[in-house]
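Colleague: Got a minute? I'd like to go through this fold with you. Let's put it on the screen.

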Amino acid sequence: MAASTAIDPELVEALYEKFSASIPDWHPATSLGLAVSGGPDSMAMLLLCHEFFEPIEVATVNHGLRPESDAECELVQSVCAARDIPCTVLRVHVAEGNLQGEARKARYAALTQWAQQRRLGAIATAHHVDDQAETLLMRLNRGSGLSGLAGIRRRTRLDDGKTWLVRPVLDFRRDDLRAVVDEAGLPFVDDPSNTNIQFERVQIRRALAKADWLDPVMMARSTEYLEKADRSLRGMSRAVWDAHALVREDVIIFPDSDWTEIVANQLLFAAQRFQAELALGEASAFIERLLRDGANKANVAGLLIEKRGSEWHVSPEPPRRSR
């Protein structure tokens with residue numbers, strides 16, 4: 001591992017250990033892709049990863065939402081060029097609607113395509129402890145279920161089902177990462193959206209900063225326990241599915257459970273069989289709403305869901321009658 005006079009070797013060592021834990025079977029010849037926005041968090045991740053990891057590649061996403069976007073991407077390119085790190089600018093179109101939500105969709109779609117084209121083994125983003133604490137509070141405020149409360153996962157799969165998405169600095173505080181770039185004298189971008197009170201995350205961030213009795217590190221630790229519980233429930237759901245689900249070409253039947261999460265996971269398995277687009281959070285909310293309303297039949301994601309006694313029946317939604 002290379003030593004650095006500008007970066008605390010203990011931070012580099014800690015990052016290396018966290019990365020190794022995230023992907024224990026990592027092949028050293030496989031390129032790691034870094035998603036770098038130009039902000040202090042992702043710039044710190046770039047510096048830390050460059051200390052111990054090779055080969056790496058960088059992608060910076062140009063959402064085209066602000067006049068400064070081109071200059072910010074050029075900044076990332078110049079930092080990478082000075083270190084002989086390949087850097088690609090990914091230009092995306094952000095659809096109308098929830099600005100941050102649509103920007104996130106466009107960003108991850110572009111990163112997934114980039115990972116496929118470059119045959120990357122994983123992509124790393126710079127989510128950290130404070131992001132995790134903010135996410136937990138946001139989801140508590142929305143009444144999210146267990147899967148949502150598990151927060152930002154240390155590792156997950158991109159939509160291609162092959163490439164890992166990892167968060168190697170998830171145990172670092174925001175201030176620690178800012179100190180890395182300050183100490184290295186590296187330029188970075190201050191995204192004005194991070195202080196825009198119109199966004200829910202910024203409101204939560206300000207509230208969290210005022211509540212000095214809340215410990216973001218302990219909150220982030222709680223999400224790890226919640227994630228373990230979520231994984232256990234998914235394992236139980238898979239065991240019930242493998243033992244009892246009846247899968248036919250036109251219908252899938254699986255058993256009911258007192259635990260909504262187990263039913264929701266099985267609904268997700270059924271949706272995947274029918275190639276329907278349904279997220280676990282949507283499945284959970286759908287099941288809870290159906291049970292709360294006392295209904296036994298409803299449609300979601302192009303599927304007809306029926307509760308018949310102690311069984312759930314899932315089939316493709318029948319075609320609508322034309323008048």
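Modeller: Let's start with charged side chains. Asp131, Glu134, Arg174, Arg201 and Arg205 are linked in a network of salt bridges. Keep in mind that this is a predicted model.

Colleague: What lets side chains pair like that?

Modeller: Side chains of opposite charge can pair when their charged atoms come close.

Colleague: How many salt bridges are there in the whole structure?

Modeller: A search of the whole structure gives 20.

Colleague: Show me one. Which residue does Asp70 form a salt bridge with?

Modeller: With Arg91. Their closest N and O atoms are 3.3 Å apart. The two residues come from distant parts of the chain, 21 residues apart. Asp70 is in helix 3, and Arg91 is in strand 3.

Colleague: Is Arg91 buried or exposed?

Modeller: Exposed, because its relative accessibility is 62% and the cut-off for exposed is over 50%. Asp70 has 40%, so Asp70 counts as partly exposed.

Colleague: Next one. What does Glu224 meet in a salt bridge?

Modeller: The side chain of Arg154, at 2.9 Å from N to O. That pair also links distant parts of the chain, 70 residues apart. Glu224 belongs to helix 9, residues 216–244. Arg154 is in the loop between helix 6 and strand 5. With 33% relative accessibility, Glu224 is partly exposed.

Colleague: And Lys307? Where is its salt-bridge partner in the chain?

Modeller: The partner is Asp256. Asp256 lies in the loop between strand 8 (252–255) and helix 10 (260–273). Lys307 is in strand 10, residues 303–308, and the two are 51 residues apart. The closest N and O atoms are 3.4 Å apart.

Colleague: How accessible are those two?

Modeller: Lys307 has a relative accessible area of 23%, so Lys307 is partly exposed. Asp256 is at 31%, and Asp256 is partly exposed as well.

Colleague: Change of topic. What about Asp130? Buried or exposed?

Modeller: Buried, because its relative accessibility is 8% and buried means under 20%. Asp130 lies in helix 5, residues 129–141.

Colleague: What does Asp130 touch?

Modeller: Arg173, Arg174 and Pro216, leaving out residues up to four places away in sequence. The side chains of Asp130 and Arg173 are also joined by a polar contact of 2.9 Å. You met Arg174 earlier, in the salt-bridge network.

Colleague: Now the sheet. What order are the strands in?

Modeller: The order is 3-2-1-4-6-5. These six strands form an open sheet, and the pairing is mixed.

Colleague: Which strands are at the edges?

Modeller: Strand 3 (87–91) and strand 5 (155–157). Each of them pairs on one side only. From one strand to the next, the twist averages 25 degrees.

Colleague: How do strand 4 and strand 6 run, parallel or antiparallel?

Modeller: Parallel, with three bridges joining residues 122–124 of strand 4 to residues 164–166 of strand 6. Take Ile123: its bridge partner in strand 6 is Leu165.

Colleague: Which strands does helix 2 touch?

Modeller: Strand 1, strand 2 and strand 4. Helix 2 covers residues 40–52 and packs on the sheet. Its direction makes about 155 degrees with that of strand 1.

Colleague: And helix 3? Which strands there?

Modeller: Helix 3, residues 69–82, packs on the sheet too, touching strand 2 and strand 3. The direction of helix 3 makes about 170 degrees with that of strand 2. Asp70 in helix 3 also has its salt bridge to Arg91, which is in strand 3.

Key:
Residues are numbered from 1 along each chain as its sequence is written. This is a predicted model: local features need pLDDT of at least 70, side-chain atom pairs count only at pLDDT 80 or more; totals for chains, interfaces and linings use all residues. Side-chain values use heavy atoms; hydrogens and water are left out. Two strands pair if DSSP finds at least two bridges between them. Helices (H or I, at least four residues) and strands (E, at least two) are DSSP runs, numbered from the N terminus. Axes are lines fitted to C-alpha atoms, for helices over the stretch in contact, and angles run from 0 to 180 degrees between N-to-C directions. Contact means heavy atoms within 4.5 Å. A salt bridge is a side-chain nitrogen of Lys or Arg within 4 Å of a carboxyl oxygen of Asp or Glu. Buried means under 20% relative accessible area, exposed over 50%, partly exposed in between (1.4 Å probe, protein chains only). A polar contact is a pair of N or O atoms within 3.5 Å; within protein, one must be able to donate a hydrogen and the other to accept it, and residues adjacent in sequence count only if both atoms are side-chain atoms.
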